Amino acid sequence: MALFSNKHESNYRSSIKMVEAVFQELGIPVKETRIGEEDANSQARETVGWVVMKGSAEVYVFLYWGENDNFIHVYSPVMNLPERNLLQLFRRLLDLNGVGTMGVAFGLKGENVVLSIYRSTTDLDRSEVREMIINVGEHADYYDDILVNEFGGRRYCDVTHQ
């Protein structure tokens with residue numbers, strides 16, 4: 001069992017380093033974006049995360065230590081739910097999920113519409129991490145204005161940065 005545990009630990013640590021390397025490639029300062037104190041050399045097995053801006057969108061990247069596997073979750077809150085037109089909004093989000101979001105998906109987190117992608121870190125490479133971050137950020141930045149104009153509500157950035 002120790003061998004599996006070491007592989008699990010190694011995957012988690014290398015995933016942290018990989019995410020930070022992608023941020024450096026994108027010109028994003030790693031230390032200023034980190035949520036929490038853990039780094040790749042820490043002995044703690046906690047969730048580690050970062051938050052970056054892409055236009056008006058906040059993009060969160062989290063690595064989770066799982067019981068049998070580790071996971072990366074990239075998401076961006078897009079907008080608060082409007083008071084009306086929820087059925088039409090949900091229909092539009094499902095339509096977008098089916099045709100135009102490049103592997104990321106709209107969903108709900110509390111009272112917010114989010115764009116999200118989640119996967120195991122097994123066999124994850126830097127190009128995938130980069131694509132996940134860019135796709136979530138670009139789609140969230142693009143759709144926040146469109147969806148608010150179409151259905152009402154408020155962009156997430158307008159609610160959190162008052």
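**Figure 1. G152, just after helix 4, has a positive phi of about 90°.** Helices here are DSSP runs of H or I with at least four residues, strands are runs of E with at least two, and both are numbered from the N terminus. This is a predicted model, with local features needing pLDDT of at least 70, side-chain atom pairs counted only at pLDDT 80 or more, and totals for chains, interfaces and linings using all residues. Residue numbers start from 1 along each chain as its sequence is written, and side-chain values use heavy atoms, with hydrogens and water left out. G152 sits in the loop between helix 4 and helix 5 (156–160). Its relative accessible area is 26%, so G152 is partly exposed (buried is under 20%, exposed over 50%, partly exposed in between, with a 1.4 Å probe and protein chains only). Leaving aside neighbours within four places in sequence, G152 is in contact with M79, P82 and L147, where contact means heavy atoms within 4.5 Å. Its C-alpha atom is 7.8 Å from that of E83, although 69 residues separate G152 and E83 along the chain.

**Figure 2. Helix 4 (126–151) lies across strand 2, strand 3, strand 4, strand 5 and strand 6.** Helix 4 runs at about 15° to strand 4; axes are lines fitted to C-alpha atoms, for helices over the stretch in contact, and angles go from 0 to 180 degrees between N-to-C directions. How far should the 26 residues of helix 4 span at 1.5 Å a residue? The answer is 38 Å, and the end C-alpha atoms are 36 Å apart, which agrees (the expected span is 1.5 Å times one less than the number of residues). There is a bend of about 30° at Y143, taken as the angle between axes fitted to the seven residues ending there and the seven starting there.

**Figure 3. Strand 4 (residues 70–80) is largely enclosed by the rest of the structure.** That follows because 10 of its 11 residues are buried. On one side, strand 4 pairs with strand 3 (residues 57–65) in the antiparallel sense over 6 bridges; strands count as paired if DSSP finds at least two bridges between them. Strand 3 and strand 4 make a hairpin with 4 residues between them, and W65 stands opposite N70. Strand 4 also runs antiparallel to strand 6 (residues 112–120), joined by 9 bridges, with H73 opposite Y118.

**Figure 4. The open sheet has 6 strands in the order 1-2-3-4-6-5, with antiparallel pairing.** Strand 1 (34–35) and strand 5 (105–109) are the edge strands, each pairing on one side only. Strand 1 and strand 2 run antiparallel and share 2 bridges, and R34 has W50 as its bridge partner in strand 2. At the other edge, strand 5 pairs with strand 6 in the antiparallel sense over 5 bridges, K109 being the bridge partner of N112. These two strands form a hairpin with 2 residues between them, and G110 in the turn has a positive phi of about 65°. Helix 3 lies across strand 5 and strand 6, at about 140° to strand 5.

**Figure 5. The largest nonpolar core holds 38 residues.** A nonpolar core is a set of buried Ala, Val, Leu, Ile, Met, Phe, Trp, Tyr and Cys residues joined through side-chain atoms within 4.5 Å. Which residues touch the most other members? They are F23, W50, I72, V74, F106 and L147. Among the elements supplying at least two core residues each are helix 1 (2–25), strand 2 (48–54) and helix 3 (86–99), while helix 4 gives the largest share, 9 residues. Zooming in on W50, and leaving aside neighbours within four places in sequence, its contacts include I16, V19, F23, R34, V59 and L63. A second, separate core of 5 residues includes Y60, F62, Y75 and V114.

**Figure 6. N85 and D123 have positive phi values without being glycines.** Most residues other than glycine have a negative phi. N85, with phi of about 65°, lies in the loop between strand 4 and helix 3 and is partly exposed at 37% relative accessibility. D123, with phi near 65°, is found in the loop between strand 6 and helix 4. Is D123 buried or exposed? At 69% relative accessibility, D123 counts as exposed.
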